[in-house]
Amino acid sequence: MKKIYILFFLSVSLFFIQKKSYAQTLINREWAEVTGYPKIDFDFQTSTKDIDGNIIVIGNTFRINEEENFLITKYSTDGVKVWEYEFNGWTDLTDFGICVVTDGDDIYVSGVSYDTTINGSSFEVLKLDKKW
């Protein structure tokens, strides 16, 4: 059954690829920024914009005594870092930020933290205000 789903997905994908125009869109990079200390393969997860057009990025950073932590960074529309927030779970172990969304002035982030009290992972949701 799994092979049927994979074959179906590939067939549909090829259909849309053939229908897609191959015209090039030229872009110019206006700015680039690096933050945190990435150690693992999926350091950057996703980003969103707030109501003012600022960019909020969630990913991960590494601390020697804390392992990986969520790293939430807000950039202005010009690429200037406005603020940065690091979340270190509850047990100083592996924490992975996965998603970020905004709702007005509020910022919601979610991810997974390893929790030694349950010997497994727990899902974390944080709410930050835009002034954090």
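**Entry 1: the β6/β7 pair.** I started at isoleucine 107 and found leucine 128 of β7 standing opposite. A reminder to myself: this is a predicted model. I then followed the two strands along: β6 and β7 run antiparallel and are joined by 10 bridges. They make a hairpin with four residues between the strands. In that turn I checked asparagine 119, whose phi is positive, about 55°.

**Entry 2: leucine 128.** I stayed with this residue, which sits in strand β7. Is leucine 128 buried or exposed? Its relative accessible area is 7%, and the cut-off for buried is under 20%, so leucine 128 counts as buried. Next I listed its contacts, setting aside neighbours within four places in sequence: Ile72, Trp83, Tyr85, Asp105, Asp106 and Ile107. So Ile107, the residue opposite leucine 128, also turns up among the contacts of leucine 128. I also took one distance: the C-alpha atoms of leucine 128 and threonine 102 lie 9.4 Å apart, with the two residues 26 apart along the chain.

**Entry 3: the other side of β6.** Here I looked at strand β5, residues 95-103, which pairs with β6 in the antiparallel sense over eight bridges. I noted two of the partners: valine 100 is bridged to valine 109 of β6, and aspartate 103 to aspartate 106 of β6. β5 and β6 also form a hairpin, with two residues between them. Glycine 104 is in that turn, and its phi is positive at about 65°.

**Entry 4: the sheet.** Putting the strands together, I get an open sheet of three strands, ordered β5-β6-β7, with antiparallel pairing. β5 and β7 are the edge strands, each pairing on one side only. The twist from one strand to the next averages 20°.

**Entry 5: valine 109.** I went back to the bridge partner of valine 100 and asked what it touches. Which residues is valine 109 in contact with, leaving aside its neighbours within four places in sequence? They are Ile58, Ile72, Cys99, Val100, Glu124, Val125 and Leu126.

**Entry 6: the core.** Last, I looked up the largest nonpolar core, and it has 11 residues. From the strands I had been following, Val100, Ile107, Val109, Leu126 and Leu128 are among them. The others I wrote down are Ile56, Ile58, Phe70, Ile72, Trp83 and Phe87. Which strands supply at least two residues each? They are β2 (55-63), β3 (67-75), β4 (81-87), β6 (106-115) and β7 (120-129). It was nice to see the starting pair, Ile107 and Leu128, in this list of core residues.

Note on methods:
Residues numbered from 1 in each chain as written. Predicted model: local features only at pLDDT ≥ 70, side-chain atom pairs only at ≥ 80, totals over all residues. Heavy atoms only, no water. Core = buried A, V, L, I, M, F, W, Y, C linked by side-chain atoms within 4.5 Å. Buried < 20%, exposed > 50% of the residue type's maximum accessible area, 1.4 Å probe, protein only. Contact = heavy atoms within 4.5 Å. Pairing = 2+ DSSP bridges. Axes fitted to C-alpha atoms, helices over the stretch in contact; angles between N-to-C directions.
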